[in-house]
Amino acid sequence: MRSISLDDFVLSILVGEHHQATAATLECVEQWRVRSAITVDLVVNHNSQLDYFTYLEQVRERHPGKHLLIMHADIYFAEDFLHRLIEQIALIEEAGLSWGLLGPAGVSYPYFKIVRNIVDYHGILYPFPHPLPAVHLDGHLLVIHKDLVFDFNKDYRGFHHYDTLLCIRSWSQSLPVFVINLPLRHLGQGNVAEWQERSKALGRDLGRAYGNKTIVTSMGPVELDVEPGVTRDFYKQEVESTLARLFHHRTLQEVTLVLRCDDASESSFREALLSVC
């Protein structure tokens, strides 16, 4: 199998017309001479007329056959960012696994833990070591596989939950979602009130397909308004079934684990045991 390279990608950034001079992502693009390494598709959003769903569809249409690296405009990333991206994808593909969607922050599975690179007040980065299966990725940065079919509802638009729907689409197409380790800092905080309002509409939409009480995201749970007779379980029938097919050929020899826990807390001990199971 041919090794993946930056020639297989397009980096696209949606930036407001009045933020081009101050956008952190554009500053890094220029500082690290990113255009010499990867095709960059910069889209200026005049008067906020372009919603994120339409933007993603248009980028895909302009660059068929390419993986899409979609970044918000408020991200500082390190000089080796693109190199680290290729490294993380290689870890997945060299293990014989497929992927549909990748990102640096999200909700891991099966423990439903929010995972992200954390930069403390001194600027020190505390990364997690390996790609992790995820049921949700935060939309500030998404790596979208060329084979992932969007299939967005034309009636559901705006600037929220494109990440949620892409994750669901990916798992439903048997393309796993992974949270990966990338050197960056996202400055945005998100519009919580608007997110909550859009979550209500999303809950009605997803309730036509899934019978789950909620869908977990990194911004919080989305309650589903389940239609009568709908019983399909997103986690069991989309996520677990895909993971089972991917890992069914992998077996582990019997091992003995010796675990030392310095914290007397029962909950901490239980979590430590779960982490190695």
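This report describes the sheet of a predicted model, the helices packed on it, and one serine in a strand.

## The sheet

Nine strands form an open sheet with mixed pairing. Their order is E2-E1-E3-E11-E5-E12-E10-E6-E7. Strand E2 (39–45) and strand E7 (114–116) stand at the edges. Each has a single partner strand, so one side of each lacks a neighbour in the sheet. From one strand to the next, the twist averages 35 degrees.

At the E7 edge, the partner is strand E6, residues 105–108. E6 and E7 pair in the antiparallel sense, over three bridges. In one bridge, valine 107 is partnered with isoleucine 114 of E7.

## Two helices on the sheet

Helix H2 spans residues 52–62 and packs on the sheet. It touches strand E1 (9–16), E2, strand E3 (67–71) and strand E11 (141–144). The direction of H2 makes about 145 degrees with that of E3.

Helix H4, residues 162–172, also packs on the sheet. H4 touches strand E5 (101–103), strand E10 (132–137), E11 and strand E12 (177–179). Its direction makes about 135 degrees with that of E10. E11 is thus touched by H2 and by H4.

## Serine 12

Serine 12 lies in strand E1. Is this residue, serine 12, buried or exposed? Its relative accessible area is 0%, and buried means under 20%, so serine 12 is buried.

The side chain of serine 12 makes a polar contact of 2.8 Å with the side chain of tyrosine 55. Leaving aside residues up to four places away in sequence, serine 12 touches Asp41, Val43, Tyr55, Val59, Leu69, Ile70 and Met71.

Note on methods:
Residues are numbered from 1 along each chain as its sequence is written. This is a predicted model: local features need pLDDT of at least 70, side-chain atom pairs count only at pLDDT 80 or more; totals for chains, interfaces and linings use all residues. Side-chain values use heavy atoms; hydrogens and water are left out. Two strands pair if DSSP finds at least two bridges between them. Helices (H or I, at least four residues) and strands (E, at least two) are DSSP runs, numbered from the N terminus. Axes are lines fitted to C-alpha atoms, for helices over the stretch in contact, and angles run from 0 to 180 degrees between N-to-C directions. Contact means heavy atoms within 4.5 Å. Buried means under 20% relative accessible area, exposed over 50%, partly exposed in between (1.4 Å probe, protein chains only). A polar contact is a pair of N or O atoms within 3.5 Å; within protein, one must be able to donate a hydrogen and the other to accept it, and residues adjacent in sequence count only if both atoms are side-chain atoms.
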